[in-house]
Amino acid sequence: MAKTINSLQEYDDITSRIKHGSQVNLKPKVLVEGYSDQVVLKDHLENVEFFVCGSKSVVLNTIKELDDFDYGVAPYVGIYDQDFDNDNCIGSHFCPYEFRDLECMLIRNGLPQKLLDFYGAPDKLRDFNYVRKVLAGIEDAAIYVGLLRSANVQNRWGVKFKEIDLSKKFNKKTLSIKRDALIDAVIAKAEYPIEPQDVRTALQDLDVSDLGPRGKDYLVFLGAVLVRELGTLKGQNVTEDMMVRNAHSLSYSILRNCAWLDAVNHKLSENI
């Protein structure tokens, strides 16, 4: 069973609990951000002990503490999203997801096609060129949102993107993001006054990352087109939460032959 970090006080002693617990449990230790990470990974990382840390920072800091302590009782790794904060670490015990996050890794390994197979309308999927055009539009939209997320972090605008309904910022007729409407929403949610030109200037200074978009943003847009353009889902079934649940439920076959997981398993099987 996973150990969950619920407060800063618990964070203070997570390292000691791992060390003391290893006296009776020699299984390799896997630290993850959230419970859903454990649910998805547990069938692929067998005979390990999971620690659900609650945040990326707790995963990273705990791994650093174990490294500084020269912990050598059992193998251990920290698995986490790469996000837009550039807060990543280098070392044999740090195992960020192969792309931006778990959901993006699933997307890059065939998730969209599986979701289309399950929830798409067969008559609408026969036009392969249109399907490719839709998926390209979704990719572009999610990448643009990712650039805004990155600019938000770098410029400290304080925008909470969870308060913005991204599905309403995607034009399903033109298959593109409503850039002006999204910028207006970002400005409205910023912690201090900013102008549209401030946002556009910040975006010009950013490059598209090879890590890909935030997977959940992509899934929001894919869910939007599965209502009518490519599928027959009802609107209430395409919230971000429901799309993520659908993605995770389809993850087993996607990850079964994933090279990234093979590398993680190799790290956990190595001698200390």
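This short talk goes through one helix and its buried face, one pair of packed helices, and a set of salt bridges.

What you have in front of you is a predicted model, in which local features need pLDDT of at least 70 and side-chain atom pairs count only at pLDDT 80 or more, while totals for chains, interfaces and linings use all residues. Residues are numbered from 1 along each chain as its sequence is written, and side-chain values use heavy atoms, with hydrogens and water left out.

Let me begin with helix H13, residues 259–269, where helices (H or I, at least four residues) and strands (E, at least two) are DSSP runs numbered from the N terminus. Trp260, Leu261, Val264 and Leu268 of this helix are buried, and by buried I mean under 20% relative accessible area, with exposed over 50% and partly exposed in between, using a 1.4 Å probe and protein chains only. Seen down the axis of H13, the buried residues fall within an arc of 95°, so they line one face of the helix; that arc is taken from the directions from the helix axis to the C-beta atoms. The face turned away from the buried side of H13 carries the exposed residues Ala259 and Ser269. The partners against which the buried residues pack include strand S2 (29–32), helix H2 (35–41) and helix H12 (251–255).

Turning to the helix pair, the axes of H7 (residues 128–155) and H10 (residues 215–225) come within 9 Å and cross at roughly 145°, the axes being lines fitted to C-alpha atoms over the stretch in contact, with angles from 0 to 180 degrees between N-to-C directions. Among the residues making this contact, defined as heavy atoms within 4.5 Å, are Ile138, Val145 and Arg149 of H7 and Asp217, Phe221 and Leu222 of H10.

Lastly, the whole structure holds eleven salt bridges, each a side-chain nitrogen of Lys or Arg within 4 Å of a carboxyl oxygen of Asp or Glu. Arg149 and Asp217 belong to a salt-bridge network that also takes in Arg214 and Glu240. Glu163 pairs with Lys189, their closest N and O atoms being 3.8 Å apart, and this pair links distant parts of the chain, 26 residues apart, with Glu163 in the loop between H7 and strand S6 (170–171) and Lys189 in helix H8 (residues 179–189). Glu163 counts as partly exposed at 44% relative accessibility, as does Lys189 at 34%. In another salt bridge, Asp180 and Arg200 have their closest N and O atoms 2.9 Å apart.
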